[in-house]
Amino acid sequence: MRKLIVGAISSCLGLILLLIGGMVLVIAEIVGAELPEGDGDMAGAGGLTAEVPKPFRRWLLQADHDCKHPELTAGLLAAQLNQESGFNTSRSLRSTAMAMGPAQFISGTWATWGRDIDGKNGADPYDVPDAVIAQGRMMCSLIGQAKKSGIKGDPRALALAGYNAGFGAVQQYKGIPPYPETQHYVQVILSSVKRFSAPGGGLQVTGSGTRAKALRKAMTQLGVPYSYGGGSPNGRSPGFCDGANGYGGGICLASSTKGFDCSSLVQYAFWPKMKLPRTAAAQFSATSHHPVARADLRQGDLLFWSRGGGIYHVAIYAGDGKVLHAPRTGKNVEIVPLKTAMPAGDYHGATRP
């Protein structure tokens, strides 16, 4: 008689132990225990509501991640895109000032900020990756200028005014220029940031150390699908099904899904500064010398869940009582409350890598 010992699963890569005639044999490594999850879904992936079109999400999150200034968020950039073009990518879109694409770049400004991000057709202001990353780079620079200028006011507002009217005008008037168009532009965008920011999306990552950088890197993968066995230090990859895991609706989803499981996401986030091992259990072993009480959690700490004596899940503490993790097949990388991320009784503890 064959019996799978469920308690021996210690994923996201773990071991299936097979009991045959009293002998315990290791027959396979597995990834991502298919255990129940709480009700902590965000309104949209990655701190962006469903109003943000899917083609823009990844690049807005990437632009946010690439900027060192916490004032720049994916939600702010989404609100700006909505005001600029309504997320319009039509090549017939061109303003009276000959501004092009969803982020409305004029040719001179595009020459400064435009890059071929996705390797398609050169730097193209109508291409979503190229346009959004250029928008993010320009806004990041403008926020930096605003913070260094000594001009009083919200750096976001000053940066938006600089995007619309040029930062020279901001410096000239020592604030938002008295142009009705610019003042309306700034007001509308700042008032609609919440509209495009999902619950949990307002989290700001502080610091510049290994853990902060790992959390920022992991946040660029918000909304990426869970793939049982998928993911590596190099990024997303297809996973596999093992007869019990990786399925959805009776279909093997993992083998056709490029994504991460819980421990590969953590490994990817910390790599190469910290080369954590591949499995959740091994990650716990590698960091358990520095345990952290729940009351003392800091951003970038690792949290673990166990059942039957085996570690089966790992997440990254994102701050404000929330965690970032790849939960299970059929779900996406998300930020959710710690108390509902996994069954509360399975919480094992936290470590500081």
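The exercises below, each with a worked solution, concern the packing and backbone of a predicted model.

**Exercise 1.** Determine which residues have the most contacts inside the largest nonpolar core, and which helix gives this core its largest share.

*Solution.* Begin with the core itself, which has 75 residues, and in which Leu60, Met139 and Leu324 are the residues with the most contacts. Next, ask where its members come from: helix 4, residues 128-149, supplies the largest share, namely 11 residues. Then take Met139 as a centre and set aside its neighbours within four places in sequence; the residues in contact with Met139 are then Leu72, Leu76, Leu77, Gln80, Ala159, Leu160 and Tyr163. Finally, keep apart from this a second, separate core of 13 residues, with Val323, Val336, Leu338 and Met342 among its members.

**Exercise 2.** Describe how helix 1 and helix 4 are placed relative to each other, and what kinds of residue form their contact.

*Solution.* The first step is geometric: the axes of helix 1 (residues 54-66) and helix 4 are 9 Å apart, and the two helices pack at an angle of about 30°. Because angles under 35 degrees count as roughly parallel, helix 1 is classed as roughly parallel to helix 4. The handedness of the crossing of helix 1 and helix 4 is right-handed. The second step is to list the two faces, with Pro55, Phe56, Trp59, Leu60, Gln62 and Ala63 of helix 1 meeting Val128, Pro129, Val132, Ile133, Gln135 and Gly136 of helix 4. Sorted by type, the residues of this contact comprise nine nonpolar, three polar and no charged. The last step widens the view of helix 1, where Phe56, Arg57, Trp59, Leu60, Leu61 and Ala63 are buried; the buried residues of helix 1 pack against helix 2 (74-84), helix 4 and helix 8 (210-219).

**Exercise 3.** Locate Phe87, Asn121 and the cis peptide bond at Pro272, and decide whether Phe87 and Asn121 are buried or exposed.

*Solution.* Recall beforehand that most residues other than glycine have a negative phi, and that most peptide bonds are trans. Phe87, in the loop between helix 2 and helix 3 (107-113), has a positive phi near 65°. Since buried means under 20% relative accessible area, Phe87, at 10%, is buried. Asn121, in the loop between helix 3 and helix 4, likewise has a positive phi, of about 60°. Its relative accessibility of 72% makes Asn121 exposed. As for the peptide bond, the cis link joins Trp271 and Pro272, with omega about -5°, and Pro272 belongs to the loop between helix 9 (262-270) and helix 10 (280-287).

Key
Residues are numbered from 1 along each chain as its sequence is written. This is a predicted model: local features need pLDDT of at least 70, side-chain atom pairs count only at pLDDT 80 or more; totals for chains, interfaces and linings use all residues. Side-chain values use heavy atoms; hydrogens and water are left out. A nonpolar core is a set of buried Ala, Val, Leu, Ile, Met, Phe, Trp, Tyr and Cys residues joined through side-chain atoms within 4.5 Å. Buried means under 20% relative accessible area, exposed over 50%, partly exposed in between (1.4 Å probe, protein chains only). Helices (H or I, at least four residues) and strands (E, at least two) are DSSP runs, numbered from the N terminus. Contact means heavy atoms within 4.5 Å. Axes are lines fitted to C-alpha atoms, for helices over the stretch in contact, and angles run from 0 to 180 degrees between N-to-C directions. Angles under 35 degrees count as roughly parallel, over 145 as roughly antiparallel, 65 to 115 as roughly perpendicular and the rest as oblique. A crossing is left-handed if the near helix is turned anticlockwise from the far one by less than a right angle, and right-handed if clockwise. Ala, Val, Leu, Ile, Met, Phe, Trp, Tyr, Cys and Pro count as nonpolar, Asp, Glu, Lys and Arg as charged, and the others, Gly among them, as polar.
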